[in-house]
Amino acid sequence: MAPLLPPEPSTHLETTAVLEARKIRFELNRVLLPMGVEATYGIIRHPGASLAVPVLADGRVVLLRQYRFAVERRILEFPAGTLEDGEDPLGSMQRELGEEAGYSASRWDSLGLMLPCPGYSDEVIHLFLARDLTPLSERPAGDDDEDLEVLLLEPSALDAALASGDEALDGKSVTAWFRARQLLGLG
């Protein structure tokens, strides 16, 4: 997989507003773009995140059906989580896989990075393929506000859910599944 192109920084002129939230910070910034245009942009500052596509020895994938308040519905997604202060992406994902899905993995492959909303956020999501899974005897405590159900799906069932449009899936999960399929030799 080719690396991301290097950044082309804008010149920060001033921050005119800031709103701090639970895991994010919203800034309104006046900048000078590399092409010479001056503009004001809202940006969401995000600490980054990790996501794993967990695959069992029999080929089934581990997914979550999780309630997301912003869209007021339950969606299918792979285990993922926000990076904690000083936490590396793989360590974060190993922790989240246990907390959200109740598994540990002994084989990890990078699926690269994803920039989910580059028009208004600096979030970078680190994608992984997790294999050689072992169910945990006791699932560690996760976040208090997580409302999720663990599902085990055949790859063909996940593909059918994606193709039908009958299931709501988030973009990071669709991207990660596309990349994982390549590594797994599924197409």
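**Exercise 1.** In this predicted model, determine how many bridges join S1 to strand S2, and work out the order of the sheet to which these strands belong.

*Solution.* Begin with the pair itself: strand S2 covers residues 25-32, and eight bridges join S1 to S2, the two strands running antiparallel. One residue pair can then be picked out, since leucine 19 has phenylalanine 26 in S2 as its bridge partner. Next, place the pair in its sheet, which is open, has three strands in the order S1-S2-S3 and shows antiparallel pairing. The edges are formed by strand S1 (11-20) and strand S3 (38-45), each of which pairs on one side only. Finally, the average turn between neighbouring strands of this sheet, with direction ignored, is 20 degrees.

**Exercise 2.** Establish the strand order of the open sheet of four strands, and identify which helices pack on that sheet.

*Solution.* The strands follow the order S7-S4-S9-S8, and their pairing is mixed. Strand S7 (80-82) and strand S8 (103-114) are the edge strands, each pairing on one side only, while neighbouring strands are turned against each other by 25 degrees on average, direction ignored. Between S8 and strand S9 (residues 125-135) there are ten bridges, and these two strands run antiparallel; within S9, alanine 130 stands opposite tryptophan 108. Turning to the helices, helix H1 (residues 89-101) lies across strand S4 (49-54), S7, S8 and S9, and runs at about 125 degrees to S8. Helix H3 (residues 171-184) also packs on the sheet, where it touches S4, S7, S8 and S9, its direction making about 105 degrees with that of S8.

**Exercise 3.** Find which residues aspartate 109 is in contact with, leaving aside its neighbours within four places in sequence.

*Solution.* Locate the residue first: aspartate 109 lies in strand S8. With those sequence neighbours set aside, its contacts are Leu127, Phe128, Leu129, Arg131 and Leu183. For arginine 131 the contact can be specified further, as its side chain and that of aspartate 109 are joined by a polar contact of 2.4 Å.

**Exercise 4.** Describe how helix H2 packs with H3, giving the angle, the crossing and the residues that meet.

*Solution.* Helix H2 (residues 155-164) packs with H3 at an angle of about 135 degrees, and their axes are 12 Å apart. H2 is therefore oblique to H3. The crossing in which H2 passes H3 is left-handed. On the H2 side, the participants are Pro155, Leu158, Asp159 and Leu162, which meet Val174, Trp177 and Arg181 in H3. Sorted by class, this contact comprises five nonpolar, no polar and two charged residues.

Key:
Residues are numbered from 1 along each chain as its sequence is written. This is a predicted model: local features need pLDDT of at least 70, side-chain atom pairs count only at pLDDT 80 or more; totals for chains, interfaces and linings use all residues. Side-chain values use heavy atoms; hydrogens and water are left out. Two strands pair if DSSP finds at least two bridges between them. Axes are lines fitted to C-alpha atoms, for helices over the stretch in contact, and angles run from 0 to 180 degrees between N-to-C directions. Contact means heavy atoms within 4.5 Å. Angles under 35 degrees count as roughly parallel, over 145 as roughly antiparallel, 65 to 115 as roughly perpendicular and the rest as oblique. A crossing is left-handed if the near helix is turned anticlockwise from the far one by less than a right angle, and right-handed if clockwise. Ala, Val, Leu, Ile, Met, Phe, Trp, Tyr, Cys and Pro count as nonpolar, Asp, Glu, Lys and Arg as charged, and the others, Gly among them, as polar. A polar contact is a pair of N or O atoms within 3.5 Å; within protein, one must be able to donate a hydrogen and the other to accept it, and residues adjacent in sequence count only if both atoms are side-chain atoms.
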